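Biologist: I am new to reading protein models, and I would love a close look at one small part. Please begin with a single residue, then lead me outwards to the elements around it and beyond.

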Amino acid sequence: MFSRLGYFTALMLSASMLQACQTIATSATLVTQPSNLVADKQVSVGAKPHGIATVGGYVYNADTGAAQISVIDVRSDEVVTRVAMKPGGTPGYIQAFRDGRHALALDTARGVLLVIDPLVEHQVVQEVPVGKGPDKVVIASNDRDVYVSLTGESQVVALQFDADRSQAPTRKSYSVGAVAGGAHKHRAIAAGGSWLVVPNSADNHTSLINTNDGSIRLLKDGNDPGPVALGQQLGRPTVAMVGYKTSNTVGLFDLADGSQTSLSGLGQTPSDVAVDTELKRAFFSMTGSNEVAVIDYEAKTVLGRIPVGKRPVHTYMAPEWSDQAVRSLQHVGMRGVHEVWVGNDDDGTVSVIDSEAMRVKATIQTGAGHHKMTFWGHKAYVSNMTDNTVSVIDRAVLP
Amino acid sequence: MMGRGLAFWALLMVGFWFDAMPAEACLGCSCGGGSGTTGDLSATGGLAGLFAEGQRWMIQESLSFRSLSGYANERGEWFPLPVDGQVQALAGTLGLYFFPRPGTSLGIQLPTVGQRLSKATWGSFGALMPTAEPAAQMGLAPGDVLLQGTHVWHQGSNWLFGSWAGLGLPTGYSGDDASRLSGLGTFSVQTGVLALVRWGEAEFVTSVGGQSPIGGAVGVPGASYAGESLMYQVFGNYPLSDRFRVGLTLAGQTGVWRQVAQDGRLPSSRLSIIPGVQWAFGDHQGVRVALATTPPLGLSNTPTDWTLYLLGYQFVR
């Protein structure tokens, strides 16, 4: 009887494996000996700092537990003022326009998007209703199109601002699936060219939206889609990438021919992704195995796994730094820059990965708790959710 | 005899009244003391004798400690628990069975589940995920009550053939507190057949059945719960003496996961190996100790684990 059961289960296993598309696995693990550094300064902010971005020489940090946004002057690295949310409001993700003139901050409780002008005493110059449970906001490369993912509704919102953001943006929405989870729902979103990628964890699929014609394709591969990204070649999106949190796989969906490839052997629980478009590599944080998995999205192969700190979650492709102001470009790489920053939420560190050599070149002690990051010039700013601080790191001292 | 039995049960019932497993943890079968069905009666050993008399009661109390070791995804690829993670459950069930006449039983199982989640939590489809919670999460909740019945249709000197059926009530917790998950979130039905063959002193029992939820589950959108499943159990036991019996059970399940608020279905399968020993204090009472292991072999969307069971039974007229 046992042998029959074994045969039966083996048959089931084979069948499930046949269901997968092309499967490429690797077990390469890259061992590194990074420099151990300490953040240069800890800036005290309000309770539970989370979303963070840099605009016009200021770091905006969402103090989710204090209903305010702390404003840090990058010249002094001191909090110079605070932007109070309206009653009942809670700040969430913050992003900055590339022209450095405005920042966007989500009020997750009230379901509005705030447009903040750093040059006019950090005033909120517009409030744009977006819907229930706004989670992530992405600004397209044209600096006009803005996309907001919602967790309380089965849609994403597309806004189009004018050049100086003096008028209310036009609003459009796309129907997507639902989001799983209880009190702490999250929904990622990736935007590039005319494409949007939106995971629908409750429905176990991902919406691939073509904003040119409004068509929507449902991508299905593994279970529990979470992090999403768009790989680019020559500045044009070519592949949609989806991390499946319970399958521990990444699905690559070719935008040109519709083919899909499943990658395994990545570690456990893909949670976030940063893309180096020059190297055509995607870096997925694998929270369950304390690694970062590196994927060549052009060759559709796994290049390796990089051990990092404990419980890595958010990853950032750091922008090229210089004396002139540059802004945080989360999830988007810049030519000539090969640094991926990874927040390790359980050991109060960030890992800095040389994305070309695929090794950790520095581990930097910050504060405790969940981390988000932004960059300005030669500085990196890391929010520490448990410590109620923002760590300031001088990137010039990195090896 | 009766006094000693009552003292035993008084002792055994103090402090624990647990069993069943969370909906996201595993399917409704194979989680507690065996298949989770009336077929479990076979696990007491001496099944032929179990149905030999009418007009008597049996109280069955089980306590189990379960430790999760990892999970297999839909491709059968196995993954250990997230780094530094622990998922453990202390569960127990009070079972009360009435035998109105020889060959027939009616029963009720009242489970309770306590869990401890540290640096890990339940994901969808039997997966175990890392969690941002800095401290271990502990929860306690009643499980789904199971009503059940068994009837022996035919019986010979060395064999019997019967069937069983059960109705699961959604009394367990199926909300968004992962440490308290203890129920499917919907009614469920179970039914199957069992057969026994006695060969010398040894007993061999086979039970095959199915389980299905009734309607869609109520719970957190996107959460998964046990869907339609085929359950099978092969059990053998052999008496080493008048009071001491050893046994081995293979309990498996092949079916699907379903998700709250959508029609999607995903495959699920598992197989547990359960060696055990049973010691009878007398003709009417005894205890059984078993160690169940779900190895990372041939699984699909299923956690792996080991579970230590302590089960006691007492017949009362």
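Modeller: Happily! We need one definition to begin: a residue is buried if 20 or more other C-beta atoms lie within 10 Å of its own, exposed if 12 or fewer, and partly exposed in between. Keep in mind that this is a predicted model.

Our residue is B:Val234. It has 18 C-beta neighbours inside 10 Å, so B:Val234 counts as partly exposed. You will find B:Val234 in strand S12 of chain B, which covers residues 224–239. Now look for B:Leu248: in sequence, 14 residues separate it from B:Val234, and in space the two C-alpha atoms are 8.2 Å apart.

Let us step back to the chain that holds this residue. Chain B contains two helices and 16 strands. Of its 317 residues, 56% are buried, while B:Val234, as we saw, is partly exposed. If you take the contacts in chain B between residues at least 6 apart in sequence, 67% of them join residues at least 24 apart.

Elsewhere in chain B, strand S16 (residues 302–316) is a good place to see pairing. Strands of a sheet pair through backbone hydrogen bonds, either parallel or antiparallel. Strand S1 of chain B, residues 56–72, pairs with S16(B) in the antiparallel sense over 15 bridges. In that pair, B:Arg66 stands opposite B:Thr307. Strand S15 of chain B, residues 285–294, also runs antiparallel to S16(B), and 10 bridges join the two. Here you can find B:Arg288 opposite B:Leu311.

Chain A lets you practise the same reading. Its strands S16, S17, S18 and S19 form an open sheet in that order, with antiparallel pairing. Strands S16 (190–192) and S19 (216–219) of chain A each have a single partner strand and stand at the edges, so one side of each has no neighbour in the sheet. From one strand to the next, the twist averages 20°. Between S16(A) and strand S17 of chain A (residues 195–200) there are three bridges, and these strands run antiparallel. A:Ala190 faces A:Val197 of S17(A) across this pair.

The burial rule also helps with two loop residues of chain A. A:Ala67 lies in the loop between strands S5 (58–63) and S6 (68–73), and its phi is near 50°, a positive value in a residue other than glycine. A:Leu234 lies in the loop between strands S20 (225–233) and S21 (236–244) of chain A, and its phi, near 55°, is likewise a positive value in a residue other than glycine. Now apply the cut-offs. A:Ala67 has 20 other C-beta atoms within 10 Å, so it is buried. A:Leu234 has 6 other C-beta atoms within 10 Å, so it is exposed.

Finally, a word on confidence. The mean pLDDT of chain A is 88, with 87% of its residues at 70 or more. Over residues 1–32 of chain A, however, the pLDDT is below 50, and this stretch has 59 contacts in the model beyond near neighbours in sequence. Residues 323–335 of chain A also have pLDDT below 50, with 40 contacts beyond near neighbours in sequence.

Notes: Residues numbered from 1 in each chain as written. Chains lettered and ligands numbered in written order. Predicted model: local features only at pLDDT ≥ 70, side-chain atom pairs only at ≥ 80, totals over all residues. Pairing = 2+ DSSP bridges. Helix = DSSP H or I, 4+ residues; strand = E, 2+ residues; numbered from the N terminus. Axes fitted to C-alpha atoms, helices over the stretch in contact; angles between N-to-C directions. pLDDT = per-residue confidence, 0-100. Contact = placed C-beta atoms within 7 Å.
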